[in-house]
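Here are a few exercises to work through with the model open beside you. Try each task before reading its solution.

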Amino acid sequence: METNKFKLGLFVTCAVLLFVAAVTCMGLFDFLNAKAYLRTTVTESVQGLNTGSQVKLRGVPIGKITDIIIHMESKNICLEMEVDLQRFASRSQSIFSNSAISKEEFYQLLHKEIKSGLRCRIEPDGITGMKYLEIDFFNNVKPVSRKESPGKINSCTTANNSKYFFIPSTPSMLASLRLTMTDILAKIAMIDFDGIARRSNLLLENVNKIVQPQKVDKLITQLDKCVESIRKTSDTLTDVLDKKEINDTLADIKKAVNSIAVLSTDIRKNINDSNIPGTVAGLRDLTDEIEDSSKNVNNTIGKLNDAIDALTELAQYLNDHPSALIYGKTRDEK
Amino acid sequence: MAGEDQKKSFPEDFFISVGGMFYTLKEEIFSCIVFAGRVSSAVLDAFRHPGKIRKRELLYFMNLCGADGVPITFLICFLTGFILGYQCAVQMQKYGADAFLAGLVGCAMVRELSPLMVSIIATGRTGSAFAAEIGSMKVSEEVDALRTMGFMPERFLVVPKLFAMALMMPLLAIIGDIAGILGGAVIGITVLHQPLSAYYSQTVSWVRPGYFLESIIKTAVFGIIICFIGCWRGFRTGSDALAVGRSTTSSVVLSILFVIIADTILAHFFNNIFF
């Protein structure tokens, strides 16, 4: 019964080292890392979200859900989460250092980001039906209405949970879709289909009353007569067109057209025979002369105006100085 | 005429068979309870007086149960992880759920398959060996001789084996866990073309440290069961030439049966209480 103690010792040592390495890798000592504690409130179902589900910030896993509490008074569900601060680099961190952000610094940063629109939302994690909590800036979504302001310790706390920092949430994509659909359905439900149907029936009844079958029959009969009349007229026209009169008429029209052609030829001949260029040149000379005469008349009228003005001035002067008729103008006035 | 007299009618024969079966069952249950009592007494005595534990035998059985079983345990667990990974990869690839392979293989191997595989290997290697060893001693009346001399044979023959199994099986399970995860990783890397770092991070995110604790506790319990049944069947060995073989066979069958039953109970226990 000899024992290979080296082999046994090697086996035990290796197995223990493997165990320690495995549990360390799997996060046994994660509790030593600095943590921040967040809480949010959702109004929708949290089906698929469990304790231990991941919390991600813009896709980066930063923590996990630690508790899910139903808050009966507000009919909300509180989600408590634990965030590993090792994931966040400190503002004062250099490239080579490895210091994590402090909890206070993280809360301040979060408060500022919440004011800028940072929210959390339940998101599906693949096709398995599992979900995770995403923290991100979601555009065009309205936050879940809550009385608490961001960062304030909210009402779904119990006794000693003042360590939690509140972060608002927004409805998930499915919840938003459901809300939209609910709104649409509510609007559709508000349409008075019964009233519309009633009014439609009434309208049809009135139409039926107005358009009685006897009247319709009469109308159809009249229409038939009208059609018959049109047909007869058409036949008559066809008969007329077949007769000789129309041929005579066409012959008269042809004669008239020929006469018009002859007349046109005569007019062209008369025009060619007349001395239109000479006449036009004479007219042009006449126009020039009339223009010259007009200018002369204008000059004459201008001179007449000047003469009238001088006479008026003379008359005025004589009126003021009648002695000027004997003595003439004085030296000074000259 | 004498042969005809010995023939029984159908109902009588049936009831005799049923009665015999239940009598045997009762005898086995009683003997099991008595054996359990004796082993418990010996274990308590060993805890009270640790110096009385036969260390040489303890080390021998630790070597037999643990170190000697490493290669076969590693190989079987690695192949189990490989097969599980391959079968799952083929199906999961259809649904685009490749990323979950690491979690599935890791959780399945650490929580269930590795403890079960290690226990089945231990049943075949160690449990049957214990039954054969004690059975042979029973056939050669060595056990009776110990009793005649006033010794408690369970203290010498069962306690070192029990301690060795309870100590070594969890260590084997750890090696089995790692081997299974490696087997799945080979498939993840070669079939699904996942980077090793991605497979590792997925495994780490899914497999919790508590799962290793579950694996350790389970295999320790299974080791005790296997050792107990192997030794019990050894002590129940008859005096004929074929008895050792029967004891060995029954120890393997019963060990696997009780390991599965214990696994069912423990799985429920761990899922509802710890995780």
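**Exercise 1.** Find out whether helix 3 of chain A is largely in the open or buried, and check its length.

*Solution.* Start by counting buried residues: of the 18 residues in helix 3 of chain A, the number buried is zero, so the helix lies largely in the open. A residue needs 20 or more other C-beta atoms within 10 Å to be called buried. Keep in mind that this is a predicted model. Next, the length. Helix 3 covers residues 173-190 of chain A, and at 1.5 Å a residue it should span 26 Å. The expected span uses one less than the number of residues. The end C-alpha atoms are 26 Å apart, which agrees.

**Exercise 2.** Work out the strand order of the open sheet in chain A, and say what packs on it.

*Solution.* First, lay out the seven strands: they run in the order 5-6-2-3-4-1-7, with mixed pairing. Strand 5 (118-124) and strand 7 (165-166) of chain A are the edges, each pairing on one side only. Now add the helix: helix 2 (residues 103-115) of chain A packs on the sheet and touches strand 1 (35-42), strand 5 and strand 7 of chain A. The direction of helix 2 makes about 30 degrees with that of strand 1 of chain A.

Then zoom in on one pair. Strand 3 (residues 60-71) and strand 4 (residues 76-84) of chain A are joined in the antiparallel sense by eight bridges. As a spot check, A:Ile70 has A:Ile77, in strand 4 of chain A, as its bridge partner.

**Exercise 3.** Describe the surroundings of B:Cys107.

*Solution.* Locate the residue first: B:Cys107 sits in helix 5 (residues 101-139) of chain B. Then count neighbours. B:Cys107 has 16 other C-beta atoms within 10 Å, so it is partly exposed; buried would take 20 or more, exposed 12 or fewer. Leaving out residues up to four places away in sequence, B:Cys107 touches B:Trp206, B:Val207 and B:Tyr211. Finally, try a distance: B:Phe212 is 105 residues from B:Cys107 in sequence, yet their C-alpha atoms are 9.7 Å apart.

**Exercise 4.** How many residues does each chain bring to the contact between chains A and B, and what classes make up the side of chain A?

*Solution.* Count by chain: 20 residues come from chain A and 22 residues from chain B. Then sort the side of chain A that touches chain B: 13 nonpolar, five polar and two charged residues.

Note on methods: Residues numbered from 1 in each chain as written. Chains lettered and ligands numbered in written order. Predicted model: local features only at pLDDT ≥ 70, side-chain atom pairs only at ≥ 80, totals over all residues. Helix = DSSP H or I, 4+ residues; strand = E, 2+ residues; numbered from the N terminus. Contact = placed C-beta atoms within 7 Å. Pairing = 2+ DSSP bridges. Axes fitted to C-alpha atoms, helices over the stretch in contact; angles between N-to-C directions. Nonpolar A, V, L, I, M, F, W, Y, C, P; charged D, E, K, R; others polar.
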